[in-house]
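Open the model in your viewer and set it to show side chains as sticks. We will go from stop to stop, selecting a few residues each time.

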Amino acid sequence: MGETVQWVNVKFGCASPAATDWIGVFSPAKFNGSTCSPESGPEEDQSPLLCTAPIKFQYANYSTANYVKTGNGSLKLRLINQRADFAFALFSGGLTNPVLLAISNTISFLNPKAPVYPRLSQGKLWNEMTVTWTSGYNIDEAIPVVKWGPEEQEEMAFLSPAGTLTFSRNSMCGSPARTVGWRDPGFVHTSFLKDLWPNTKYRYKVGHRLLNGSYVWGPVYVFQASPYPGQDSLQRVIIFGDLGKAERDGSNEYSNYQPGSLNTTDRLVEDLDNIDIVLHIGDLSYANGYLSEWDQFTSQIEPIASRVPYMVASGNHERDWPNTGSFYKNMDSGGECGVLAETMFYVPAKDRAKFWYATDYGMFHFCIADSEHDWREGTDQYKFIEECLATADRQKQPWLIFIAHRVLGYSSDSWYAEEGSFEEPMGRESLQKLWQRYKVDLAFYGHVHSYERTCPIYENNCVSSERSSYSGTYNATIHVVAGGGGSHLSDFTTLQTSWSFFKDYDFGFVKLTAFNHSTLLFEYKKSRDGKVYDQFWIHRDYRDILGCDTIGSCPSTTLAS
C-alpha cells in the first residue's frame, strides 16, 4: 500500500451468518481476540470488550444486504498509516459477546515507519513556527529533520533538527488507556523553524536521515509565517471546540459520537485559503483511552494543521482522571490524564502539564486558560491569566481574546441551568473582574456542544442592547460558546435569559476577521454548508480602550496639574 492512506476491499464468508456478525480491523496484525472484563465501568471500557481493541469495526452486512442469506460479503475500508501491519477478523456474537471466527492475511503500508500527519503551531517567539509529526523511527535508527525554505526559492536550503518524545503504557493513569486501549504511540517529533520573515510563505517537508545516510521524506507543504505582533494586515482566525473524529468509510469506533466532525473539517479545508490560524479549544480527538484514535484524529486534521498553525487547549476528554492533579475527578480522559495531548501537540506553555499559555497573531492577543486545573483567585493559573491580560499592548494588539474549554462565562446549556448558575460552577466569579478591568473583547468556550452568543455582559447584566454592531467606548465582554465542532449536540434549557442573544442547536464554528486596528468582523458558520448564520461588527479606536468603560470603571487620575 501507499504511504499514508489506502482503501482496501475485504471479502469474507461464513457458514452460519447472522445480522450481528462484524469485521474488526486490527493493527498490529497480531492481536488477542479474547474477551476482557472492563476495569473502569461501561463509560470508559466500551464494547467490543476484546483484550486488544480493534482500530475500528463494521457489521458484516453493512454493504452486503443479502449477507445473512448467502454468507458472503465484502467491505470497502479506509486505512491510514499507523506504524504497523493490519489484519481483519470476522466475529459472531455481536459486539457484546464476540466470538472470533476467522482472521485474514496481513497487509502493510510500503513504509509503516514513514513520517506522517505534520501539524504546525506557533512557537514562543512571534517569528517561530513549530512542526510536529509522528513516525515509527526512534533516534537510534534515524535522525528527525525538517527541510524548508522560502517558497520563492527553488531549493529548500535549511535543514532543522527535531526533538523526539514518546511514552509507555506505565505513563497512562488507568483503563482503557493502560489496558485494552493501549497501542504503541510510535515517536513524536517537534522542530522549531526560526527567524521567519513576517507573512512570508515557506515550503517544508518532514523526514528522517537513516543510518546509511539516505533520507525518508514526507510530502512538501506550504505555510505562511505569522505577522509581526501589531502588524496592520488582514488576519483571519477560526475558533471551535469539541471536534473529535469520524470514519470516512462509515466504520464504527470507540466513543463514536462526533457526527459533525467531518463536516466541520471539510468546511475548513474548503476555505483554507481564507484562514490564517485555527484555535481548537479542547476535547480534541475523543480517543478516551483508545490510543489508535489519536492517529486517526491527526490524520483527519492534517490538511488543515499542515498549512496553518493549529493551536489547542486542554479539555476534560484530554485531562480528567481521579487523583492525577486535574481539578475534576471524573474519568473523561479514559486514563490518558493529559499525556497524549501534551505529547501529540506543541503549545508555547512554560509547562505543558499545565496547559495554559499566551500567543499572539498580528493584532490579536490570545490568553488560553486550562479549565481542567483550578483557575480561582490565588492559584498559579489565576496569576497567569491576569498577567496575560495585563501585558496585552492594546495600541498594537487591540483584539484581546480569552479562551477556556469549560464555560467559565455564560451558557444556556440545560445542565448549567439546572445547577442554577448558567456557567461552570465557580466559573466566572473570580474572573469577571479581570475581564472587565483589562477590557477583554471576546471570551470563547467549548464543552457545551452548540453555539451561543451573549450581549456584552458584566455580573449577569447586559450593558448594551446592541446586537449587530459595537462602536465607541468599550462596555463589557461578549461571551461565546463554540463547542459545536463535532460531538453530539447539547440541549438548551427552556428558560429564557435576557443576556442570550443567539442560540443554535447545530454544528458550527466561529471566524474572526480583523481588517485593521479598528474593525473586527465576527461570523458564526454552520458546518453543514459553511454559510454565516450569526454575525456582528466591532468598531473601536485605541482611545475607546484607554478611557472609562460604560459601567464607570475609569483609570486613576490626579488633581495635580
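Which side chain meets Arg-183 in a salt bridge? Select Arg-183 and Asp-295: their side chains meet at 3.8 Å, N to O. Keep in mind throughout that this is a predicted model.

**Stop 1: the Arg-183 pair**

Trace the chain on either side of the pair. Arg-183 sits in the loop between strand 10 (158-165) and strand 11 (187-193), while Asp-295 belongs to helix 3, so the salt bridge ties together parts that are 112 residues apart in sequence. Both Arg-183 and Asp-295 are buried.

**Stop 2: the largest cavity**

Stay with these two residues. Arg-183 and Asp-295 are also among the residues that line the largest cavity. Add the others to the selection: Arg-83, Asp-184, Pro-185, Leu-291, Trp-294, Leu-340 and Met-344. The volume here is about 60 Å³. Colour helix 3 (292-305) and helix 5 (339-344); each supplies at least two lining residues. Now colour the lining by class: 5 residues are nonpolar, 4 are charged and none is polar. In total, the structure holds 3 cavities of 30 Å³ or more.

**Stop 3: the largest pocket**

Next, select Pro-348, Lys-350, Tyr-357, Ala-358 and Phe-384. Of the 25 residues lining the largest pocket, these lie nearest its centre. Strand 18 (357-361) and helix 6 (380-390) are the elements that give two or more residues to this lining. Which element gives the most? Helix 6 does, with 5 residues. The pocket holds about 630 Å³ of space. By class, its lining has 11 nonpolar, 6 polar and 8 charged residues.

**Stop 4: the second largest pocket**

Move to Asn-316, His-317, Asp-332, His-447 and His-449. They lie nearest the centre of the second largest pocket, which is lined by 24 residues. Show helix 4 (316-319) and helix 7 (414-419), the elements that give two or more residues to that lining. The volume is about 470 Å³. Colouring by class gives 7 nonpolar, 9 polar and 8 charged residues.

**Stop 5: an open sheet**

Switch to cartoon view. Look for an open sheet of 4 strands in the order 3-2-5-6, with antiparallel pairing. Strand 3 (56-59) and strand 6 (99-103) are the edges, each pairing on one side only. From one strand to the next, the twist averages 30°. Zoom in on strand 2 (residues 22-26), which runs antiparallel to strand 3 and is joined to it by 4 bridges. For one bridge, select Ile-23; its partner in strand 3 is Gln-58.

**Stop 6: more salt bridges**

Return to sticks. The whole structure has 27 salt bridges. Try Lys-526 and Asp-506, whose side chains meet at 3.0 Å, N to O. This pair links distant parts of the chain, 20 residues apart: Lys-526 is in strand 28 (residues 519-526), and Asp-506 is in the loop between strand 26 (500-504) and strand 27 (508-514). Lys-526 and Asp-506 are both buried.

Now select Asp-374 and Arg-376. In this salt bridge, the closest N and O atoms are 3.0 Å apart. Are these two buried or partly exposed? Asp-374 has 22% relative accessibility, so Asp-374 counts as partly exposed. Arg-376, at 30%, also counts as partly exposed.

Finish with Asp-320, Glu-372, Arg-406 and Glu-424. Salt bridges link these four in a network.

Note on methods. Residues are numbered from 1 along each chain as its sequence is written. This is a predicted model: local features need pLDDT of at least 70, side-chain atom pairs count only at pLDDT 80 or more; totals for chains, interfaces and linings use all residues. Side-chain values use heavy atoms; hydrogens and water are left out. On a 1 Å grid over the protein atoms alone, a cavity is a set of points where a 1.4 Å probe fits but cannot get out, and a pocket is an open set with protein on both sides within 12 Å along at least five of seven lines; lining residues have an atom within 4 Å of a point. Grid points are joined across faces, edges and corners, and a volume is the space filled by probe spheres set on the points. Ala, Val, Leu, Ile, Met, Phe, Trp, Tyr, Cys and Pro count as nonpolar, Asp, Glu, Lys and Arg as charged, and the others, Gly among them, as polar. Two strands pair if DSSP finds at least two bridges between them. Axes are lines fitted to C-alpha atoms, for helices over the stretch in contact, and angles run from 0 to 180 degrees between N-to-C directions. Buried means under 20% relative accessible area, exposed over 50%, partly exposed in between (1.4 Å probe, protein chains only).
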